[in-house]
Amino acid sequence: MRIECPFCGERDLSEFSYLGDASRPPAESGGVEPREGLFEAVYLRENPAGAHRELWYHAFGCRSWLEVNRDTRTHEILQVRLAREGAPP
């Protein structure tokens, strides 16, 4: 799989780190250890078939946080943008 970074161009997946579901923020601690909230956000999540918004970090490149809209069935990248640009309306 290749991801089109807005700054670096098309790059191999090995340059990126998957950071979880972009459609919901990590859970608030709410009396729970912050680690547990992060664990739930990353590991206890739905696994949808089809288009899905994900957060990726370009660790071995420009170090940008990216929001990637990817089809989980085919791994086709539908859209990539900087995470700081926010969610689509």
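This is a short guided tour of a predicted model, with suggestions on what to select at each stop.

**Stop 1: the core**

Start by selecting Ile3, Cys5, Phe16, Trp56, Leu66, Val68 and Leu82. These seven residues make up the largest nonpolar core of the model. Now colour β1 (2-5) and β5 (65-71), the elements that give two or more residues to this core. In soluble globular proteins, nonpolar side chains tend to be buried together.

Keep Ile3 on screen and show what surrounds it. Which residues does Ile3 touch, not counting those up to four places away in sequence? The list is Gly9, Glu10, Arg11, Leu13, Phe16, Trp56, Leu66, Val68, Ile77 and Val80.

**Stop 2: two aromatic pairs**

Trp56 from the core is a good bridge to the next stop. The structure holds two aromatic pairs. Select Tyr18 with Trp56: their ring centres are 5.3 Å apart and the planes stand at 70 degrees, so this pair is edge-to-face. Tyr18 belongs to strand β3 and Trp56 to strand β4, and the pair links parts of the chain 38 residues apart. Is each ring buried or exposed? Tyr18 is partly exposed, at 30% relative accessible area, whereas Trp56 counts as buried at 7%.

Next, pick Tyr57 and Trp65. This aromatic pair is tilted, with 5.6 Å from centre to centre and 55 degrees between the planes. Both partners count as partly exposed: Tyr57 has a relative accessibility of 23%, and Trp65 has 47%.

**Stop 3: a glycine in strand β3**

Stay with strand β3 (residues 17-21) and select Gly20, which is found there. Gly20 is buried, with just 1% relative accessible area. Leaving aside neighbours within four places in sequence, which residues is Gly20 in contact with? They are Glu54 and Leu55. Try drawing a distance line between the C-alpha atoms of Gly20 and Glu54: it should read 5.7 Å, although the two residues are 34 apart along the chain.

**Stop 4: salt bridges**

Side chains of opposite charge can pair when their charged atoms come close. How many salt bridges does the structure hold? There are six, and here are some to look at.

- Select Arg53 and Glu67, whose closest N and O atoms are 3.2 Å apart. Arg53 lies in strand β4 and Glu67 in strand β5, so this salt bridge ties together parts 14 residues apart in sequence. Arg53 is partly exposed at 22% relative accessible area, while Glu67 is buried at 8%. Add Arg81 to the selection, and you have a network of Arg53, Glu67 and Arg81, joined by salt bridges that share partners.
- Select Glu10 and Arg2, whose side chains meet at 2.7 Å, N to O. Glu10 is partly exposed, with a relative accessible area of 45%, and Arg2 is partly exposed too, with 42%.
- Select Arg11 and Glu15, a salt bridge at 3.9 Å, N to O. Arg11 counts as partly exposed at 30% relative accessibility, and Glu15 counts as partly exposed at 21%.

**Stop 5: a patch on the surface**

Finish on the outside by switching on the surface and selecting Phe39, Tyr43 and Leu44. Together they form a nonpolar patch on the surface with about 370 Å² of accessible area. Where is Leu44 placed? Look in the loop between α1 (34-43) and β4 (51-57). Leu44 counts as exposed, because its relative accessibility is 53% and the cut-off for exposed is over 50%.

How values were computed. Residues numbered from 1 in each chain as written. Predicted model: local features only at pLDDT ≥ 70, side-chain atom pairs only at ≥ 80, totals over all residues. Heavy atoms only, no water. Core = buried A, V, L, I, M, F, W, Y, C linked by side-chain atoms within 4.5 Å. Buried < 20%, exposed > 50% of the residue type's maximum accessible area, 1.4 Å probe, protein only. Helix = DSSP H or I, 4+ residues; strand = E, 2+ residues; numbered from the N terminus. Contact = heavy atoms within 4.5 Å. Patch = residues over 30% accessible without salt bridge, like charges linked within 9 Å, V, L, I, M, F, W, Y side chains within 5 Å. Areas by Shrake-Rupley, 256 points an atom, 1.4 Å probe, with all protein chains shown as cover. Salt bridge = Lys/Arg side-chain N within 4 Å of Asp/Glu carboxyl O. Phe/Tyr/Trp six-rings, centres within 6.5 Å; stacked < 30°, edge-to-face > 60°.
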